[in-house]
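Me: Could you walk me through this model, a question at a time? I'd like the cut-offs spelled out as we go.

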Amino acid sequence: MGPIIKNHKTAYIGYLISKENSGKGIATLAINKTCEMAFKKFGIKKINAAVIEINNSSQKCLLNNKFKKEGVLKKQIIYKNKRYDEYYYGLSQKDFKKKISFKNLC
Ligand SMILES: CC(C)(COP(=O)(O)OP(=O)(O)OC[C@H]1O[C@@H](n2cnc3c(N)ncnc32)[C@H](O)[C@@H]1OP(=O)(O)O)[C@@H](O)C(=O)NCCC(=O)NCCS
C-alpha cells in the first residue's frame with residue numbers, strides 16, 4: 001500500500017505474487033485484507049490502482065474486490081516495444097466488502 005496521500009485520505013495499492021503461487025486467490029485475498037486494514041485502521045477513504053490494459057488477472061483481482069474502472073490514460077505504458085493504455089481503478093470505503101471465502105484458495 002502506498003503512496004498514502006494524507007491530505008486526501010487516499011492511497012495506491014500494488015501487488016506481486018510468485019508464478020508458482022498464482023491462480024490460488026492469494027492476490028484477491030491480500031487486496032481485500034489490505035483494503036480492510038487501510039479503511040479501518042488508517043482512516044483511508046479511497047484506494048486506487050493502476051493497471052496496464054493487457055493485465056487481465058490483475059484487473060480481475062480488483063473487480064473481485066468491488067474496485068470500479070474510473071479512467072484511462074491512453075498509450076501511457078511501453079511494454080515489449082509497444083504502447084498500451086493504463087487503466088485506473090478505485091474503491092471507496094462505502095463500496096468495500098469484507099470477503100470471507102475464496103474459491104481458489106488452498
Ligand atoms: C496479477 C497477479 C497479482 C494475480 O495474482 P493471483 O494471486 O494469481 O490472483 P488470484 O488468484 O486472486 O486470481 C484473480 C483472477 O485472475 C485469474 N488468474 C490468475 N492468474 C491467471 C493466469 N495466469 N491466467 C489467467 N487468469 C488468471 C484467476 O482465475 C482469478 O479470476 P477468477 O476470480 O475469475 O477466478 C499475479 O499474477 C502477479 O503478481 N503478476 C505479476 C505482477 C503484476 O502484474 N502485478 C499487478 C500490477 S497492476
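Reply: Happy to! One definition to begin with: Ala, Val, Leu, Ile, Met, Phe, Trp, Tyr, Cys and Pro count as nonpolar, Asp, Glu, Lys and Arg as charged, and the others, Gly among them, as polar. The model is predicted, so local features need pLDDT of at least 70 and side-chain atom pairs count only at pLDDT 80 or more, while totals for chains, interfaces and linings use all residues. Residues are numbered from 1 along each chain as its sequence is written.

Me: How do the residues of the shell around the ligand divide into nonpolar, polar and charged?

Reply: The ligand is surrounded by 18 residues, where a residue counts as near if its C-beta atom, placed from the backbone, lies within 6 Å. The closest are Ser 22, Ala 27, Thr 28, Ser 57 and Lys 60. By class, the shell holds seven nonpolar, nine polar and two charged residues.

Me: Which element gives the largest share of that shell?

Reply: Elements here are DSSP runs numbered from the N terminus: helices are H or I with at least four residues, strands are E with at least two. Two or more shell residues come from each of helix H1 (26–41) and helix H2 (56–64). The largest share is five residues, and the element giving it is H2.

Me: In what order do the elements of the chain run from the N terminus on?

Reply: The chain's secondary structure comes to two helices and five strands. Read from the N terminus on, the order is β-β-α-β-α-β-β.

Me: Which strands stand at the edges of the sheet?

Reply: Two strands pair if DSSP finds at least two bridges between them. The open sheet has five strands in the order S1-S2-S3-S5-S4, with mixed pairing. Each edge strand has a single partner, so one side of each is left without a neighbour in the sheet; these are S1 (4–5) and S4 (68–79).

Me: Which residue of S3 stands opposite Thr 10?

Reply: S1 and S2 (residues 10–12) pair in the antiparallel sense over two bridges, and Ile 5 stands opposite Thr 10 there. On to S3: S2 and S3 run parallel, joined by three bridges. The residue of S3 opposite Thr 10 is Lys 46.

Me: What is the handedness of the β-α-β crossover from S2 to S3?

Reply: A crossover is right-handed if, with the strands pointing away from the viewer, the path from the first strand over the helix to the second runs clockwise. Here the chain crosses from S2 through H1 to S3, and the crossover is right-handed.

Me: Which residues along S3 point to one face and are buried?

Reply: Buried means that 20 or more other C-beta atoms lie within 10 Å of a residue's own, exposed means 12 or fewer, and partly exposed is in between, with C-beta atoms placed from the backbone. In S3 (residues 46–52) the side chains alternate, and Lys 46, Asn 48, Ala 50 and Ile 52 point to the other face and are not buried. The buried ones are Ile 47, Ala 49 and Val 51.

Me: What is the bridge partner of Lys 68 in S5?

Reply: S4 and S5 pair in the antiparallel sense over eight bridges. S5 (residues 82–92) also runs antiparallel to S3, with seven bridges, and there Asn 48 has Gly 90 as its partner. For Lys 68, the partner in S5 is Gly 90.

Me: How many of the twelve residues of S4 are buried?

Reply: S4 forms a hairpin with S5, with two residues between them, and Lys 80 in the turn has a positive phi of about 50°. S4 lies largely in the open, because its number of buried residues is zero.
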